[in-house]
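The exercises below are meant to be worked through with the model open beside the text. Each one sets a task and then gives a solution in steps.

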Amino acid sequence: MKNAKLFERASSVLPGGVNSPVRAFKSVGGVPVFIEKADGCILTDSEGNEYIDYIGSWGPMILGHCHPKVVEALQNAVRKGTSFGTPSENEVLLAEEIVQRVDSVEMVRFVNSGTEATMSAVRLARAATKRDLIIKFAGGYHGHADSFLISAGSGAASLGIPDSPGVPTGAVKDTRIVPYNDLEKVELVFKEQDGNIAGVIVEPIAGNMGVVPPKPGFLMGLRNLCDQYGALLIFDEVMTGFRVARGGAQELYSINPDLTTFGKIIGGGLPVGAYGGSSELMSLIAPAGKVYQAGTLSGNPLAMTAGLVTLQQLSRETYAFLEKQSANLQEKLENTAMKSNVSIEIQRVGSMLTIFFTDHEINNIDDASKTNHKAFAGFFHSMLENGIHLPPSGYEAWFLSAAHNDDIIDKTVKCAANAFSFIERDHF
Ligand code: KE4
């Protein structure tokens, strides 16, 4: 009952009872649970119920919650102060850690969210090229800055409001939308707008329409078109950065973008975003250059500490473990669904995956929107009742952590077997 009472109180002081729309369970129905604490891959709600966590705070908790080294480092850091508004050593150390891992990045600027990172990267691309137009992909989600809120994914897609009221036409007149994985349409826009495109912003692996990997040649095609027409390629790696490989999606696909945005994992659960690229490009950013961007809490010492220790724990062995566990989960879920005659398509890259209730491959937001979201909602609640907390939307990615061991995977699959037979029996 406490969850319901908390949600009732929350709903009178917070819009929709939450601080981010997707958390409100709108697309799956029901009352969200209020999490009181977490450890490893286990969440505990306000009523003491435990859940295996596949939200992972939407990506940051790749090590699992309360990793001892992160907790210890934060405890030491907090005793030295929470924010100075001055340079501090850990922001240098974290920047060096990112630069060392991502070949295309020589310099970074820290901000406080993925949204700030993407809006700043787009401003920089426009300043560097002296052009205005940006290409984004339908179902791509780059945060809630005005110019991105058309055909947006994630919570916007979940709520069926990919275009938001309050966004003036002027803010989106310079944004062109193209279907994900459709290189021909991108080339068409470049031809039509020759010399006016400042950049292309893309999730190198889409994670906000559910997980939709790039088709072979798609990312290289974008790289070549940007080179041909003098535009900048911006990889939005807020989700994929340090998630799918030690150097992110750009390491996985061996593509060097001009700019990269980061978030989530680099904060280890505290609010951080970042954008980076060549020293030449980044030196256009104030105070080195004239492109203005600022932030009271940018480079916050606690967030830098949590991010630094998290990245330092992410060894190649950790990524190998995450790949093994995630592949094992995928295979067992596919076999279990088959036994229940439920058609699913699991799309996965590394330790991020989505179950689509459909019988074919998903390549863009249109495909994703035609999958059976009612079945997902039924599956979601059956899993939640059995102690598995999935992301509350069929347009989101599940995230595994280093704490998802074999017993956790087996318990997940066992609960999924019940959930699939519930779906099959009730013919969602
Ligand atoms: P934030 O402003 O939420 O830190 O980051 C925005 C963002 C930018 N780029 C990508 C690729 C992202 O996935 C995100 C945010 N991701 C969503 C989850 N799909 C955040 C969850 C939420 O909105 O509550």
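**Exercise 1: Contacts of the ligand**

In this predicted model, an oxygen atom of the ligand sits 2.9 Å from a polar backbone atom of Gly114. Starting from that contact, find which side chains make polar contacts with a nitrogen atom of the ligand, taking 3.5 Å between N or O atoms as the limit.

Solution. Begin with Lys264, where an N or O atom of the side chain is 3.0 Å from a nitrogen atom of the ligand. Then turn to Ser154, which places a polar side-chain atom 3.3 Å from a nitrogen atom of the ligand. As a last step, consider the cover: on its own the ligand has 540 Å² of accessible area, and the protein covers 87% of this.

**Exercise 2: The shell and the domains**

Describe the make-up of the shell around the ligand, and explain where the ligand lies with respect to domain 1 and domain 2.

Solution. First list the neighbours: 17 residues surround the ligand, and those that come nearest are Ser20, Thr115, Asn208, Asp236 and Glu396. Next sort the shell by character, which gives five nonpolar, eight polar and four charged residues. Finally, compare the shell with the domain bounds: domain 1 comprises 2–62 + 315–427 and domain 2 comprises 68–313, and because both contribute residues to the shell, the ligand lies between them.

**Exercise 3: An open sheet**

Work out the strand order of the four-stranded open sheet, and identify its edge strands.

Solution. Following the pairings across the sheet gives the order β1-β2-β3-β13, with mixed pairing. The edges are β1 (35–39) and β13 (388–389), each of which pairs on one side only. To check the β13 end, look at β3 (residues 50–53), which pairs with β13 in the parallel sense over two bridges; there, Asp53 stands opposite His389 of β13.

**Exercise 4: Backbone details and overall form**

Locate the cis peptide bond that ends at Pro287 and the positive phi of Phe242, and then judge whether the radius of gyration agrees with that of a compact globule.

Solution. The bond from Ala286 to Pro287 is cis, with omega near 5°, and Pro287 belongs to the loop between α10 (279–282) and α11 (301–313). Phe242, although not a glycine, has a positive phi of about 65°, and its place is in the loop between β8 (232–236) and α9 (249–252). For the overall form, a compact globule of 428 residues would have a radius of gyration near 22 Å, so the 21 Å of the protein agrees.

Note on methods:
Residues are numbered from 1 along each chain as its sequence is written. This is a predicted model: local features need pLDDT of at least 70, side-chain atom pairs count only at pLDDT 80 or more; totals for chains, interfaces and linings use all residues. Side-chain values use heavy atoms; hydrogens and water are left out. A polar contact is a pair of N or O atoms within 3.5 Å; within protein, one must be able to donate a hydrogen and the other to accept it, and residues adjacent in sequence count only if both atoms are side-chain atoms. Accessible areas come from the Shrake-Rupley method with a 1.4 Å probe; for residues, only the protein chains shown count as cover. Ala, Val, Leu, Ile, Met, Phe, Trp, Tyr, Cys and Pro count as nonpolar, Asp, Glu, Lys and Arg as charged, and the others, Gly among them, as polar. Domain bounds come from an automatic or database domain assignment. Two strands pair if DSSP finds at least two bridges between them. The radius of gyration is taken over C-alpha atoms; the globule rule is 2.2 Å times the number of residues to the power 0.38.
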